[in-house]
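Here's a quick briefing to read alongside the model. Have the viewer open and click along as you go.

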Amino acid sequence: MNKRKLSRQQRWRIEKIQAERAARADKQDAREAASLEAGEYGPETPGRVIAHFGRTLDVQAPDEAALHRCHLRANLDGLVTGDRVFWRQARDGSGVVVARDTRDNVLERPDPSGRLKPVAANIGQILIVFAVEPAPHANLIDRYLVAAEATGITPVLVLNKIDLLPESGGELGKLLARYAALGYAVVEATTQGEHGLDALHDRLTGRTSAFVGQSGVGKSSLIDRLLPDEALRIGALSADSRKGTHTTTTARLYRLPAGGELIDSPGIREFGLTHLDEQQVTEGFIEFRELLGRCRFRDCRHRNEPGCALLSAVERGDILGERFASYRRILDSLADD
Ligand SMILES: Nc1nc2c(ncn2[C@@H]2O[C@H](COP(=O)(O)OP(=O)(O)OP(=O)(O)O)[C@@H](O)[C@H]2O)c(=O)[nH]1
Ligand SMILES: [Zn+2]
């Protein structure tokens with residue numbers, strides 16, 4: 001809203017509301033500081049953020065199933081699902097988060113105004129799901145890979161619905177071999193049939209994973225199979241924290257019965273379709289990396305410059321023509337953003 005267009009009375013009302021809100025926050029913080037002083041909270045212990053609803057968090061202790069509804073000290077901000085924290089428990093099981101531990105990595109998405117906001121932290125691997133049907137174009141897989149590379153989180157390709165794959169493996173079989181040759185882990189899966197998820201289970205064990213991928217590839221079906229118990233899916237939520245379910249868009253961390261963790265939310269599933277810059281795209285093609293800086297011109301954009309190390313590698317066959325074409329296409333799409 002344009003501030004100049006507010007009447008003086010409106011402005012006064014807004015200021016009053018903001019002042020009241022600040023006063024309430026101060027008061028809560030003072031109350032908390034007092035009870036921390038008074039020893040009403042237990043000692044500082046490590047925990048993990050399982051879900052967050054504004055300034056309220058669900059925190060889980062390492063060897064416990066129960067979730068603890070916690071709030072934040074006023075000086076803490078921007079905590080997300082997956083964060084490792086230090087918290088103190090009150091007698092009623094609720095708690096207060098007093099500090100955030102360092103992050104291995106963080107997944108960010110632009111908010112409606114285009115500012116990047118953290119969505120989840122400490123993710124071990126991004127599982128890029130694609131399927132026999134709807135078939136992916138190579139460009140889309142590359143786009144997901146580039147986005148994952150930009151976060152520093154290891155991407156893994158998951159081909160789902162292999163029950164629909166022709167005996168010979170078809171085009172997708174070749175595509176997969178290409179990515180495996182680049183060094184990417186590739187896993188095949190199907191939600192149909194008994195042992196369709198064995199390879200996926202192996203890949204998930206001992207790690208924290210997030211599923212991304214285009215609509216219809218079977219992300220929900222996979223997650224349903226991995227978290228078969230509805231109660232598990234909602235988490236061992238306290239009655240209190242269930243009130244938070246109106247914020248279903250928030251990311252949530254699940255412990256998988258077979259080992260490993262899953263962080264999921266609609267926002268994370270769509271990850272990869274966010275904006276990237278030219279340098280991120282170039283570095284996101286992992287086979288380009290050792291050649292970067294070797295072009296004749298320091299500001300080479302690898303289009304048609306003489307002495308371009310990337311173009312020569314394409315000519316030699318060291319870089320696949322399809323990957324380079326995909327690179328060009330992704331850069332062209334940036335220009336339209
Ligand atoms: N044949 C076959 N169909 C599957 C498999 N996995 C999922 N499907 C079907 O694929 C369709 C889409 O599955 P979803 O799980 O809704 O896909 P999604 O990726 O979650 O889609 P969005 O929610 O739109 O992002 C459904 O009709 C599933 O039944 C599989 O392994 N084989
Ligand atoms: Zn070049």
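Which residues touch the most other members of the largest nonpolar core? They're Ala120, Ile128 and Val158, in a core of 62 residues. Keep in mind that this is a predicted model. The chain is split into three pieces: domain 1 (22–100), domain 2 (106–269) and domain 3 (278–336).

**Domains**
- If you're framing the whole thing in the viewer, note that the C-alpha centres of domain 1 and domain 3 sit 47 Å apart.

**The nonpolar core**
- Start with Ala120, one of the residues with the most contacts to other core members.
- Skipping residues up to four places away in sequence, Ala120 touches Val80, Thr81, Gly82, Leu107, Ala210, Ala251, Ile263 and Ile268.

**Leu172 and helix 3**
- Leu172 belongs to helix 3 (residues 170–182).
- Is Leu172 buried or exposed? Leu172 counts as buried because it has 20 C-beta neighbours inside 10 Å, and the cut-off for buried is 20 or more.
- Once neighbours within four places in sequence are set aside, Leu172 has contacts with Val132, Leu159 and Leu165.
- For a longer-range ruler, try Leu172 to Arg328: they're 156 residues apart along the chain, and their C-alpha atoms are separated by 22 Å.

**Around ligand 1**
- How many residues surround ligand 1? There are 16, and the closest are Ser215, Gly218, Lys219, Ser220 and Ser221.
- Helix 5 (residues 219–226) supplies the largest share of that shell, with three residues.
- If you're thinking in terms of residue classes, the shell around ligand 1 breaks down into 10 polar, four charged and two nonpolar residues.

**Strand 1 and its partners**
- Strand 1 (residues 45–53) pairs with both strand 2 and strand 4, so let's take them in turn.
- Strand 2 (residues 56–60) runs antiparallel to strand 1, and five bridges hold the pairing.
- Phe53 faces Thr56 of strand 2 across that pairing.
- Two residues lie between strand 1 and strand 2 in a hairpin, and Gly54 in the turn has a positive phi of about 65 degrees.
- Strand 4 (residues 84–89) is also antiparallel to strand 1, this time over four bridges.
- Over on the strand 4 side, Trp87 is the bridge partner of Thr45.
- When you look at side chains here, remember the general pattern: in a regular strand they alternate between the two faces of the sheet.

How values were computed
Residues numbered from 1 in each chain as written. Chains lettered and ligands numbered in written order. Predicted model: local features only at pLDDT ≥ 70, side-chain atom pairs only at ≥ 80, totals over all residues. Core = buried A, V, L, I, M, F, W, Y, C linked by C-beta atoms within 7 Å. Buried ≥ 20, exposed ≤ 12 C-beta atoms within 10 Å, placed from the backbone. Contact = placed C-beta atoms within 7 Å. Near = placed C-beta within 6 Å. Nonpolar A, V, L, I, M, F, W, Y, C, P; charged D, E, K, R; others polar. Pairing = 2+ DSSP bridges. Domains from an automatic or database assignment.
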